[in-house]
Amino acid sequence: MLAGSIERVEVAKGPQSALYGRNTFGGAINFVTRRPANEPEGQLEATFGSESRAEVKGTISGPLVEDRVFARVAGSYFERGGYFSNELTGGDLDDRRTAVVAASLEADLSDTLNAIWRISFESTDDGDDALRAVTNNARPAILAGGLLPPAFQLFEGTVPPFQDGFAVTPGFFKRDNLATSLA
């Protein structure tokens, strides 16, 4: 998210289920985005790096009808290649790609009536996480003589910093999400 796209951050401590839903028993953090502006404004950021990293963020806002109808459009794109190779398939592991577009349209319909419509779309396509099996070495696993079921695999100590041997079967994370509101 662009730094200029956030108007304020609200932190509500303690149970907040009456306002924000049942899973906010420890509190809630609310990021309030900036409303469309009556003056033209915009911002653009880009970052490029190794491992095919590319990140572009931008926002533009301004009046469509001066002092009456305003719009704001923001977007971001992030992509990077994987850091690890899948030894089963030869492809990359842990590659990431996310694209987000959000827009809001605000209309001052009269001195006492204001409407704002928001819509956002997110597309995420992440590759498999790099996983590596580690041989059992914990005392209970050794005493059982390899008779423990797979759910009881145990490792004791510091896991070695492996550089190869990563492999998983396909289990990627892919999601498209559309949200809209009218207030």
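Biologist: Which residue in strand 8 is the bridge partner of Phe 70?

Modeller: That's Glu 106. Keep in mind that this is a predicted model.

Biologist: OK. How many bridges join strand 5 to strand 8, and which way do the two run?

Modeller: There are 12 bridges between strand 5 and strand 8, which covers residues 96–108. The two strands run antiparallel.

Biologist: What does Phe 70 pair with in strand 4?

Modeller: Pro 63 of strand 4 has Phe 70 of strand 5 as its bridge partner. Strand 4 and strand 5 are antiparallel too, with 11 bridges.

Biologist: What sits in the turn between strand 4 and strand 5?

Modeller: They make a hairpin with 3 residues between the strands, and Asp 67 in that turn has a positive phi of about 65 degrees.

Biologist: And on the other side of strand 4, how many bridges does it share with strand 3?

Modeller: Strand 4, residues 53–65, pairs with strand 3 over 9 bridges, again in the antiparallel sense. One example is Leu 44, whose bridge partner in strand 4 is Gly 58.

Biologist: Which residue has a positive phi in that hairpin?

Modeller: Glu 51, with phi near 55 degrees. The hairpin of strand 3 and strand 4 has 3 residues between the strands.

Biologist: Zooming out, in what order do the strands of the open sheet come?

Modeller: The order is 3-4-5-8-9-10, so 6 strands, with antiparallel pairing. Strand 3 and strand 10 are the edge strands, each pairing on one side only. On average, neighbouring strands in this sheet are turned by 5 degrees against each other, if you ignore direction.

Biologist: What holds paired strands together in general?

Modeller: Backbone hydrogen bonds, in either a parallel or an antiparallel arrangement.

Biologist: Switching to charges. How many salt bridges do you count?

Modeller: The count is 10. One of them joins Arg 72 and Glu 41, where the closest N and O atoms are 2.7 Å apart. That pair links distant parts of the chain: Arg 72 is in strand 5 (residues 69–80), Glu 41 is in strand 3 (residues 41–49), and they are 31 residues apart.

Biologist: Is Arg 72 buried or exposed?

Modeller: Arg 72 counts as buried because its relative accessibility is 7%, and the cut-off for buried is under 20%. Its partner Glu 41 is partly exposed, at 28%.

Biologist: Which residue makes a salt bridge with Arg 175?

Modeller: Glu 122 does, with 2.8 Å between the closest N and O atoms. This is another link between distant parts of the chain: Glu 122 belongs to strand 9 (residues 114–126), Arg 175 to strand 10 (residues 173–182), and the separation is 53 residues.

Biologist: Why does Glu 122 count as buried?

Modeller: Because its relative accessible area is 18%, and anything under 20% falls in the buried class. Arg 175 has 36%, so it's partly exposed.

Biologist: What about Glu 7, which residue does its side chain meet in a salt bridge?

Modeller: Arg 8, at 2.8 Å from N to O. Glu 7 is partly exposed, with 45% relative accessibility, and Arg 8 is partly exposed as well, with a relative accessible area of 38%.

Biologist: Which residues are linked with those two in a network?

Modeller: Glu 10 joins them: Glu 7, Arg 8 and Glu 10 are linked in a network of salt bridges.

Definitions and conventions. Residues are numbered from 1 along each chain as its sequence is written. This is a predicted model: local features need pLDDT of at least 70, side-chain atom pairs count only at pLDDT 80 or more; totals for chains, interfaces and linings use all residues. Side-chain values use heavy atoms; hydrogens and water are left out. A salt bridge is a side-chain nitrogen of Lys or Arg within 4 Å of a carboxyl oxygen of Asp or Glu. Buried means under 20% relative accessible area, exposed over 50%, partly exposed in between (1.4 Å probe, protein chains only). Helices (H or I, at least four residues) and strands (E, at least two) are DSSP runs, numbered from the N terminus. Two strands pair if DSSP finds at least two bridges between them. Axes are lines fitted to C-alpha atoms, for helices over the stretch in contact, and angles run from 0 to 180 degrees between N-to-C directions.
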